[in-house]
Amino acid sequence: MYRDKDLLKLAEGQECLLSIHKYCMGEEGSTTVAAHDNSLQSGKGMSLKADDSRTVWACYYCHALLDQGNMEYEERQEAFEEAYDRQVDEWLKIAQNPCLKPWRVNAARRVLEHLGVQYG
């Protein structure tokens with residue numbers, strides 16, 4: 001199971017990539033956290049979160065809808081997968097930016113290496 005507190009911390013203050021709730025906070029970022037995938041394929045189980053590499057930046061409202069909303073499972077998974085593609089792109093931008101704080105760059109590089117994604 002891949003766990004990385006710095007990777008989860010990268011979400012703080014970022015734009016919501018999930019963007020599925022009518023009250024999505026979008027670019028505000030004040031409530032953005034790393035929302036974990038809820039699928040069994042990603043390691044989700046009773047009292048167990050999915051792998052940290054299967055997270056997307058989500059505002060409070062979108063995260064709540066993903067976890068407890070009235071959307072069908074397939075709809076939630078489709079929304080998550082679309083946001084996940086954007087998330088990997090964001091990690092790539094961070095990994096390639098030497099002007100950012102080293103902990104941020106290193107967290108992005110670690111997850112990309114874990115996923116087998118080239119960043120350099």
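These exercises, each with a worked solution, concern a predicted model of a protein.

**Exercise 1. Fold outline**

State how many helices and strands the protein has, and give their order along the chain.

*Solution.*
Step 1. Count the elements: the secondary structure consists of 4 helices and 2 strands.
Step 2. Read them from the N terminus, which gives the order α-β-β-α-α-α.
Step 3. Place some of them by residue number. Helix α1 covers residues 5-9, while strand β1 covers 33-36 and strand β2 covers 55-58.

**Exercise 2. Overall shape**

Find out how the radius of gyration of the protein relates to that of a compact globule.

*Solution.*
Step 1. Take the chain length, 120 residues; a compact globule with that many would have a radius of gyration near 14 Å.
Step 2. Compare this with the protein, which has 14 Å, so the value agrees with the rule.
Step 3. Add the dimensions: along the principal axes, the C-alpha atoms fill a box of roughly 40 × 30 × 20 Å.
Step 4. Look at the contacts. Of those with a separation of 6 or more, 69% are between residues 24 or more positions apart.

**Exercise 3. Surface and charge**

Describe the surface of the protein and the charges on its side chains.

*Solution.*
Step 1. Start with burial: 42% of the 120 residues are buried.
Step 2. Turn to the exposed area, which is about 7000 Å², with carbon and sulfur atoms supplying 49% of it.
Step 3. Count the charges. There are 14 positive and 20 negative side chains.
Step 4. Locate the two sets: their centres lie 7 Å apart.

**Exercise 4. Cysteines**

Explain why C62 and C59 are not joined by a disulfide.

*Solution.*
Step 1. Recall the cut-off: the two sulfur atoms of a disulfide must be within 2.5 Å.
Step 2. Take the distance. The cysteine sulfur closest to that of C62 is in C59, at 3.7 Å, which is too far for a bond.
Step 3. Check against the whole structure, where the search finds 0 disulfides.
Step 4. Compare the surroundings of two cysteines. C62 is buried because its relative accessibility is 0%, whereas C99 is exposed, with a relative accessible area of 74%.

**Exercise 5. Two aspartates**

Decide whether D4 and D52 are buried or exposed, and list their contacts beyond four places in sequence.

*Solution.*
Step 1. Place the residues. D4 is in the segment before α1, and D52 is in the loop between β1 and β2.
Step 2. Apply the cut-off: a residue is buried when its relative accessible area is under 20%. D4 has 8%, so D4 is buried. D52 has 3%, so D52 is buried too.
Step 3. List the contacts of D4 outside its sequence neighbourhood: D52, A107 and R110.
Step 4. Do likewise for D52, whose contacts are Y2, R3, D4, L7, L8 and H36. D4 thus appears in the list for D52, and D52 in the list for D4.

**Exercise 6. Two loop residues**

Describe S19 and L48 by location, exposure and one further feature.

*Solution.*
Step 1. Locate S19 in the loop between α1 and β1, and L48 in the loop between β1 and β2.
Step 2. Classify both. S19 is partly exposed at 48% relative accessibility, and L48 is partly exposed at 39%.
Step 3. Examine the backbone of S19: phi is positive, about 50 degrees, although S19 is not a glycine.
Step 4. Follow the chain between L48 and Y61. These residues are 13 apart in sequence, and their C-alpha atoms are separated by 22 Å.

Note on methods:
Residues numbered from 1 in each chain as written. Predicted model: local features only at pLDDT ≥ 70, side-chain atom pairs only at ≥ 80, totals over all residues. Heavy atoms only, no water. Rg over C-alpha atoms; globule rule 2.2 N^0.38 Å. Buried < 20%, exposed > 50% of the residue type's maximum accessible area, 1.4 Å probe, protein only. Contact = heavy atoms within 4.5 Å. Areas by Shrake-Rupley, 256 points an atom, 1.4 Å probe, with all protein chains shown as cover. Lys, Arg positive; Asp, Glu negative; His and termini not counted. Charge placed at Lys NZ, Arg CZ, Asp CG, Glu CD.
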